[in-house]
Amino acid sequence: MCGIVGYLGFKEAKDILIKGLSRLEYRGYDSSGVAIMNENLKVFKCKGKVSDLQNLIGEQDTHGSVGIGHTRWATHGVPNNVNAHPHLSSDSRIALVHNGIIENYGSLKKELESKGHEFYSETDTEVLTRFIEQVQKDNECSLEDAVRIALTQVVGAYAIVLVSVNEPGKIVAARKGSPLVVGVGEDKEEFFLASDATPIIEYTKDVVYLDDEEVVVLTKGDITITDIRNVARDTYIETLDMELEAIEKGGYDHFMLKEIMEQPKSIEDCLRGRVIAEDLHVKLGGIQQHLPDLLNANRIIILACGTSWHAGLVAEYVFEELTRIPVEVEYASEFRYRNPIVGKGDVIIAISQSGETADTLAAIEMAKERGATILGVCNVVGSSIARASHEGAYTHAGPEIGVASTKAFTAQLTVLTSMALMVAKEKKSISENRLSELLRDLEQVPAKVEQVLKLDSAIESIAEIYKDASNCLYLGRGYNFPVALEGALKLKEISYIHAEGYPAAEMKHGPIALIDEEMPVIFIATRDSSYDKVVSNIQEVKARKGRVIAIVTEGDALIPKMVDHVIEVPNIHEMLMPMISVIPLQLLSYYIAVMRDCNVDQPRNLAKSVTVE
Ligand code: G6P
């Protein structure tokens with residue numbers, strides 16, 4: 001949440017900062033701002049999107065080749081011009097941008113007020129800026145020393161970037177709990193800073209991922225990293241494996257649609273080298289070392305939030321079925337606060353697209369401390385959860401920019417199913433025939449997803465009929481129950497229609513009371529072990545005049561006679577069906593949101609990377 005950028009070099013900073021903020025806008029879009037250093041600091045900031053900031057700047061003089069920028073997802077204080085970042089010291093000589101939350105800002109503020117500081121905003125960030133200013137004054141030290149001293153007294157999460165007119169030609173940045181990447185230009189003549197690598201890749205592929213409690217000082221030709229106690233740290237430069245096209249819309253109207261359409265490729269990429277059905281080969285290189293822990297696990301605990309949690313629910317069914325290891329799936333945000341029984345012998349699988357979700361990160365840190373083995377399933381390479389895990393497997397879906405997760409979900413299912421098959425094979429809890437059948441089906445998923453994507457315009461026509469609904473119910477059983485949850489989440493996230501996902505059989509314990517001729521009910525009713533039961537549930541809805549849209553298996557002769565609309569998907573093993581049956585639901589939500597004129601890629605109040613607790 002919140003995107004931050006910085007630039008120091010020889011080009012005009014403004015253009016690089018604005019472009020970088022646009023790339024990071026998925027992290028928050030309540031307000032944005034930049035501070036550019038010349039003889040003085042020029043600060044431009046306003047409520048709204050980066051495009052509003054661009055309008056505000058207009059033709060004003062922004063000359064300068066050192067600067068910082070921010071796009072905000074509001075935590076402390078409403079989205080307005082004053083609360084927008086950058087925040088300034090009382091003499092307006094230091095500017096700071098921040099992603100995270102300073103938990104002890106109240107006590108710091110009181111202390112600073114007693115020393116005469118006046119505050120204009122409601123933010124914790126302004127307090128941090130003033131605190132660093134005060135520390136620098138009290139200790140008569142450099143900006144980096146002031147940052148280090150201040151941060152030893154700060155409680156909370158931060159990624160911060162600062163510039164000071166008193167020390168021109170320098171950027172100081174630090175992180176704890178919120179991500180920060182440094183891009184290193186040729187001969188270290190220029191540096192880029194950003195919350196993730198997307199604003200950096202068009203300039204350089206050499207990056208340094210900062211670790212928690214590290215402080216970096218950038219000057220032309222030099223990068224120095226220490227921890228907040230001033231102990232030197234190595235500068236480990238990594239090469240980014242990402243292409244610019246991956247973060248552009250490539251002709252699509254929205255990132256979400258592009259990412260939905262990319263799924264055959266992202267699933268294929270995810271399977272590459274890991275699954276070869278012909279050779280009965282299934283192997284995730286990243287979990288080799290801890291495979292014995294998985295084989296001997298007392299229990300697997302899956303921790304995740306949002307869409308990733310839905311992938312975890314599918315994985316629970318798959319792992320238990322194939323490996324016979326007991327699995328629990330928990331919201332990371334609940335798990336970490338309830339003193340759970342966890343320790344040696346337990347394997348945690350943490351699922352996270354961004355790899356930065358604060359609750360998931362904190363939950364795995366807690367489980368790690370108590371002796372559990374942590375395996376990460378992340379999409380963003382080098383992200384905090386990936387690095388905090390003992391081992392893991394990347395989903396290789398490529399950058400996901402639309403706030404509503406689509407291709408990350410199917411890639412997570414691909415990795416988790418492969419992982420379960422790998423464990424089952426090693427544990428011999430699966431027969432060779434069954435393994436072979438499942439691996440063959442898994443290899444066919446990309447082609448079958450491609451087939452479903454061709455239903456695009458048929459789904460668009462159904463969207464037209466239901467675009468004005470105020471409520472929607474999604475029902476499924478077994479492997480398709482988490483798909484019902486995911487379908488409902490997609491709809492409410494981007495179209496603001498109230499939607500609920502429910503296990504189809506539970507409908508009669510409550511939601512059935514909501515059904516009338518106004519209520520669209522979406523059944524995920526593919527041919528699987530609970531098919532007959534789902535058919536009965538459909539009849540129960542129809543008997544109460546509900547409007548039913550059913551996702552069915554190709555060739556189903558029964559359900560189409562009972563319902564208002566059918567969407568046929570190709571047949572596949574029921575365990576793999578969620579990767580197929582979720583696709584029409586993604587498209588349906590997408591088209592409904594577009595028809596309702598909603599901002600599909602940046603839905604209100606949401607952010608893609610939730611780095612606050
Ligand atoms: C936010 C995003 C969701 C995502 C969830 C978990 O709510 O909008 O799309 O599923 O966070 O994020 P993670 O990066 O941990 O998968």
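In this predicted model, a backbone N or O atom of Gln353 lies 2.7 Å from an oxygen atom of the ligand, and this is a good place to begin looking at how the protein holds that molecule. Two side chains make contacts of a similar kind: a polar side-chain atom of Ser354 is 2.6 Å from an oxygen atom of the ligand, while an N or O atom in the side chain of Thr357 comes to 2.4 Å from a ligand oxygen. Taken alone, the ligand would expose 390 Å², and 92% of that area is buried by the protein.

Around these contacts one can trace a wider shell, in which 14 residues surround the ligand, with Ser308, Ser352, Gln353, Ser354 and Thr357 as the closest. Sorted by character, the residues of this shell divide into eight that are polar, four that are nonpolar and two that are charged. Helix H9, which spans residues 306–323, gives the largest share of the shell, contributing three residues. The space that the ligand takes up is the second largest pocket of the structure.

Away from the ligand, the next feature to follow is the pairing of charged side chains. Side chains of opposite charge can pair when their charged atoms come close. The structure holds 33 salt bridges, and one of them joins the side chains of Lys115 and Asp138, with a distance of 3.8 Å from N to O. Lys115 lies in the loop between helix H3 (105–114) and helix H4 (124–139), whereas Asp138 belongs to helix H4 itself, so this pair ties together parts of the protein that are 23 residues apart in sequence.

Two places in the backbone also deserve a careful look, and a general expectation helps in reading them. Most residues other than glycine have a negative phi, and most peptide bonds are trans. Between His85 and Pro86, however, the peptide bond is cis, with an omega of about 0 degrees. Pro86 has its place in the loop between strand E4 (66–72) and strand E5 (87–88), which is where the reader can find this bond in the model.

The second place is Lys188, which is not a glycine and yet has a positive phi of about 55 degrees. This residue, too, is found in a loop, in this case the one that runs between strand E9 (181–184) and strand E10 (191–194).

Conventions:
Residues numbered from 1 in each chain as written. Predicted model: local features only at pLDDT ≥ 70, side-chain atom pairs only at ≥ 80, totals over all residues. Heavy atoms only, no water. Near = heavy atom within 4 Å. Polar contact = N/O pair within 3.5 Å; in protein donor to acceptor, adjacent residues only side chain to side chain. Areas by Shrake-Rupley, 256 points an atom, 1.4 Å probe, with all protein chains shown as cover. 1 Å grid on protein atoms, 1.4 Å probe; cavity = no way out; pocket = protein on both sides within 12 Å on 5 of 7 lines; lining within 4 Å. Sits in = over half its atoms within 2 Å of the grid points. Helix = DSSP H or I, 4+ residues; strand = E, 2+ residues; numbered from the N terminus. Nonpolar A, V, L, I, M, F, W, Y, C, P; charged D, E, K, R; others polar. Salt bridge = Lys/Arg side-chain N within 4 Å of Asp/Glu carboxyl O.
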